[in-house]
Amino acid sequence: MSRSSLYLLSTFALAASASAQITTIGAFTGTNHEEFETLTTYPWPQCIPGRVFNNHGDVCTPLGGYCVDTYGWLLYCAIYPHNGSNGLFGSAQGPADFTFDIPAQRFGGYFGTNGLLAGGVADFYDASNHEIAHHLAVTAPNCAWAWNGWDAGTGPWIKRVEFFANDPYNGGGLLQMDDMELDPAGSPSPGADMCQPGTGTVLACPCGNPSTGAPSGCDNSAATGGAVLQSVGTASLAADTVVFTADGEKPTALSIVLQGTAFLPNGTVYGQGIRCVGGTLKRLYVKSASGGSITAPSGGDLSVSARSAAMGNPITAGSSRYYGVYYRDPTVLFGCPTTSTFNITQTQRILWAP
């Protein structure tokens with residue numbers, strides 16, 4: 001095989017891998033909605049004034065001032081708002097570009113066109129502006145509407161989407177949109193569950209102590225079925241309200257909230273459990289369980305991001321951290337080493353927004 005053939009094959013494989021991260025999904029109701037009800041007037045702006053998605057994003061026409069927010073548009077044919085309401089959005093010339101304050105887990109809406117040709121394509125970018133999917137097909141009938149939706153799975157999540165119509169005369173313009181839906185990544189919980197022992201590539205529980213539910217860590221000597229980590233709040237560096245809880249521990253266990261910069265896909269044996277939190281490790285909070293449960297931060301504790309910075313590991317916007325809670329369990333199960341006097345929850349990944 002020639003060197004050029006190898007290059008073409010590797011390029012194709014990379015493109016296929018990138019596109020595979022975004023899957024198409026059916027219609028859903030998102031955390032934020034956009035119906036383009038506030039109309040803009042000529043001269044058309046480069047970005048929709050007042051922002052979109054309840055002030056959680058922007059839609060612009062990066063090649064010029066051609067944003068159109070209108071109650072109807074006649075060109076090759078006439079198109080009107082999808083739901084019969086006041087407005088629809090489109091670009092008169094050039095691609096339309098959506099950017100989200102918090103990267104999106106799911107994004108979609110209704111698409112149509114009044115151009116010469118139906119359809120279009122979409123390019124997806126992550127928080128580092130790396131393209132994660134190239135030219136995914138957009139169904140956009142001539143002067144009619146069709147749903148298109150996308151899900152980023154476990155990430156990388158969607159920070160920006162650029163839409164191009166197939167029309168050959170308007171530089172990617174003439175693709176219309178209405179009734180858009182958005183689910184920011186980590187909504188409603190900022191943490192994505194990972195590292196279920198004995199599932200996929202993750203190691204099985206080491207002491208004959210499998211968890212009895214998911215998500216959770218390995219079972220413990222209190223026979224709770226395994227401790228469970230949960231998170232609530234907003235993972236934003238400007239307004240960090242993230243709070244962790246761990247339930248299902250030993251009743252009064254000494255517990256530590258652990259943060260890491262990397263994920264161990266297979267996990268590693270950690271006492272009587274499996275730890276997938278890796279990289280640079282920080283012990284953010286130390287708590288004593290009450291009824292097998294802890295909450296952190298609590299009381300006068302610093303926020304998660306402030307505590308991480310204070311410990312020499314500042315979190316940057318668009319980066320991920322991995323979290324687990326490990327706790328004392330002095331009763332060692334089923335012949336594990338006598339030093340295995342602790343256990344750990346499953347892992348949660350949090351993507352931090354600006």
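Cys 47 is partly exposed, at a relative accessible area of 30% (buried means under 20% relative accessible area, exposed over 50%, and partly exposed in between, with a 1.4 Å probe and protein chains only). This is a predicted model, so local features need pLDDT of at least 70 and side-chain atom pairs count only at pLDDT 80 or more, while totals for chains, interfaces and linings use all residues. Residues are numbered from 1 along each chain as its sequence is written, and side-chain values use heavy atoms, with hydrogens and water left out.

Cys 47 is joined to Cys 60 by a disulfide, S to S 2.0 Å (a disulfide being a pair of cysteine sulfur atoms within 2.5 Å). A bond of this kind is covalent and runs between the sulfur atoms of two cysteines. The torsion about the S-S bond of Cys 47 and Cys 60 is about 105 degrees, so this disulfide is right-handed. Cys 47 sits in the loop between strand 2 (32-34) and strand 3 (57-60), and Cys 60 sits in strand 3, so the bond ties together parts that are 13 residues apart in sequence. Strands (E, at least two residues) and helices (H or I, at least four) are DSSP runs, numbered from the N terminus. Unlike its partly exposed partner, Cys 60 is buried, with a relative accessible area of 16%.

The whole structure holds 5 disulfides. Another one pairs Cys 205 with Cys 218, the sulfur atoms being 2.1 Å apart. Here the S-S torsion is about -95 degrees, so the disulfide is left-handed. Both Cys 205 and Cys 218 lie in the loop between strand 14 and strand 15, 13 residues apart, and both are buried. Cys 207, from that loop too, reaches much further along the chain: its disulfide partner is Cys 336, in the loop between strand 22 (320-328) and strand 23 (342-344), 129 residues apart. With a torsion of about -105 degrees, the bond between Cys 207 and Cys 336 is left-handed, and both of these cysteines are buried. Counting bonded cysteines along the chain, the disulfides follow the pattern 1-2, 3-4, 5-9, 6-8, 7-10. Cys 67 stays out of this: it is in no disulfide, and the nearest cysteine sulfur, that of Cys 60, is 6.0 Å away. Cys 67 counts as buried because its relative accessibility is 0%.

The loop between strand 14 (191-194) and strand 15 (228-232) has some backbone quirks as well. Pro 215 lies in it, and a cis peptide bond with omega about 0 degrees joins Ala 214 to Pro 215. Cys 195, in that loop, has a positive phi of about 70 degrees although it is not a glycine. Ala 223, also there, has a positive phi of about 55 degrees and is not a glycine either. Cys 195 is buried at 5% relative accessibility, whereas Ala 223 is exposed at 59%. Elsewhere, the peptide bond from Ala 296 to Pro 297 is cis too, with omega near -5 degrees; Pro 297 lies in the loop between strand 21 (294-296) and helix 2 (304-310).

Next come the charged pairs. Side chains of opposite charge can pair when their charged atoms come close. The count comes to 6 salt bridges (each a side-chain nitrogen of Lys or Arg within 4 Å of a carboxyl oxygen of Asp or Glu). One of them links Asp 97 and Arg 160, with the closest N and O atoms 2.7 Å apart. Asp 97 belongs to strand 8 (residues 96-113) and Arg 160 to strand 12 (residues 158-165), 63 residues apart, and both are buried. Lys 287 and Asp 301 form another salt bridge, also at 2.7 Å. That pair brings together strand 20 (residues 282-288) and the loop between strand 21 and helix 2. Lys 287 is buried at 16%, while Asp 301 is partly exposed at 31%.

Finally, the nonpolar residues. The largest nonpolar core has 34 residues, of which Phe 98, Phe 107, Phe 124 and Phe 163 touch the most other members (such a core is a set of buried Ala, Val, Leu, Ile, Met, Phe, Trp, Tyr and Cys residues joined through side-chain atoms within 4.5 Å). Strand 8 gives the largest share of this core, 6 residues. Apart from it lies another core, of 20 residues, including Leu 229, Ala 289, Ile 294 and Val 304.
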